[in-house]
Amino acid sequence: MHLRVTFVAAARSSSLLAERFQDDRPLDQAGWDEVQRAAPELVSLAAAELRYCSPTPRSRATGDALGYGPLVQLALRDCDMGRWRGFTLGEAMAREPEAVDAWLADPRSTPHGGESLLAFIARVGAWLDTRPADDGGRIVAVAEPSVIRAALVYVLKAPPSTYWNIDVRPLSTTTVTGRAGRWNLRFDGAFSQSTRA
């Protein structure tokens with residue numbers, strides 16, 4: 001059986017410029033307002049047979065606010081950034097510029113003492129590959145943008161450096177279809193087949 005997994009990016013808890021590694025802050029008022037504006041488009045995903053979320057407060061709050069009642073999945077946690085946890089990229093660069101350069105250049109490196117980008121991508125991919133097909137074909141997962149980027153690199157079998165070129169906006173959706181080891185990225189549009197000439 002083929003699965004349809006729709007990732008919903010968690011609402012933000014800060015401006016994009018102030019995003020921090022492994023940010024555990026809850027949704028702020030702007031995030032709540034974003035969820036309320038996006039809800040009419042996203043509520044229908046609650047019909048999925050399986051509903052999951054990252055363990056972050058903002059992922060859980062986003063899923064709950066959309067009526068998903070998601071089950072927390074530890075495998076969907078953000079990349080372990082070791083001693084850089086809570087830093088912005090700029091703060092890490094100011095403290096350890098050579099270490100940040102090494103981390104950005106080599107997906108196997110762990111200069112922060114945490115998880116490598118390669119290990120992060122593999123962990124998220126393993127979660128995707130172990131989704132139970134016999135429980136239904138539709139899954140929704142509210143996750144941090146970084147987790148969705150890792151999933152897309154895995155699904156596309158793209159070089160790890162592709163991770164840095166994927167922009168996942170808060171409350172955007174991304175759908176993949178398939179089964180373990182054979183995933184496709186799916187684009188759904190509003191254009192109806194019946195309107196074609």
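A nonpolar core is a set of buried Ala, Val, Leu, Ile, Met, Phe, Trp, Tyr and Cys residues joined through side-chain atoms within 4.5 Å, where buried means under 20% relative accessible area, exposed over 50% and partly exposed in between (1.4 Å probe, protein chains only). The views below show a predicted model, in which local features need pLDDT of at least 70 and side-chain atom pairs count only at pLDDT 80 or more, while totals for chains, interfaces and linings use all residues. Residues are numbered from 1 along each chain as its sequence is written, and side-chain values use heavy atoms, with hydrogens and water left out.

**View 1. The largest nonpolar core and a second, separate one.** The largest core holds 38 residues, and the members with the most contacts inside it are V5, F7, W84, F120, L128 and V176. Two or more residues of this core are given by each of β1 (3-9), β2 (50-53), α4 (97-105), α5 (117-129), β4 (138-143) and α6 (145-156); helices (H or I, at least four residues) and strands (E, at least two) are DSSP runs, numbered from the N terminus. The largest share, seven residues, comes from α6. A second core, separate from this one, has 16 residues, among them A38, C53, Y68 and V140. Apart from residues up to four places away in sequence, V176 touches L3, R4, V5, F7, L128, L152, V155, W183, N184 and L185, contact being defined by heavy atoms within 4.5 Å.

**View 2. An open sheet of six strands with mixed pairing.** The strand order is β3-β2-β4-β1-β5-β6, with two strands taken as paired if DSSP finds at least two bridges between them. The edges are occupied by β3 (71-72) and β6, each of which has a single partner strand, so one side of each is left without a neighbour in the sheet. At one of these edges, β2 and β3 run parallel and are joined by two bridges, and C53 has V72 in β3 as its bridge partner. Helix α5 packs on the sheet, where it touches β1, β2, β4, β5 and β6, and its direction makes about 135° with that of β1; axes are lines fitted to C-alpha atoms, for helices over the stretch in contact, and angles run from 0 to 180 degrees between N-to-C directions.

**View 3. Strand β4 and its parallel pairings with β1 and β2.** Six bridges join β4 to β1, and four join β4 to β2. On the β1 pairing, R138 in β4 is the bridge partner of R4, whereas V140 in β4 stands opposite R51. Strand β4 is mostly covered, with five of its six residues buried.

**View 4. The buried residues of helix α5 and the elements they pack against.** The 13 residues of α5 reach 18 Å from the first C-alpha to the last, close to the 18 Å expected at 1.5 Å a residue (the expected span is 1.5 Å times one less than the number of residues). Its buried residues are L117, F120, I121, R123, V124, G125, W127 and L128, and they pack against β1, β2, β4, α6, β5 (173-179) and β6 (182-186).

**View 5. The antiparallel pair β5 and β6, with T173 in strand β5.** Five bridges join β5 to β6, and T177 stands opposite N184 in β6. The hairpin formed by β5 and β6 has two residues between the strands, and in it G181 takes a positive phi near 80°. T173 has a relative accessible area of 42% and is therefore partly exposed; neighbours within four places in sequence aside, T173 is in contact with T6, F7, V8, L42 and L45. The C-alpha atoms of T173 and A94, which are 79 residues apart along the chain, are separated by 33 Å.

**View 6. A92 in helix α3 and E96 in the loop between α3 and α4.** A92 lies in α3 (residues 89-95) and, because its relative accessible area is 1%, is counted as buried. Residues up to four places away in sequence not counted, A92 touches F21, W84, F87, P97 and V100. The C-alpha atoms of A92 and L76, which are 16 residues apart along the chain, are separated by 23 Å. The side chain of E96 makes a polar contact of 2.9 Å with that of R83 and another of 3.0 Å with that of W84. A polar contact is a pair of N or O atoms within 3.5 Å; within protein, one must be able to donate a hydrogen and the other to accept it, and residues adjacent in sequence count only if both atoms are side-chain atoms. With neighbours within four places in sequence left aside, E96 is in contact with R83, W84 and P111.
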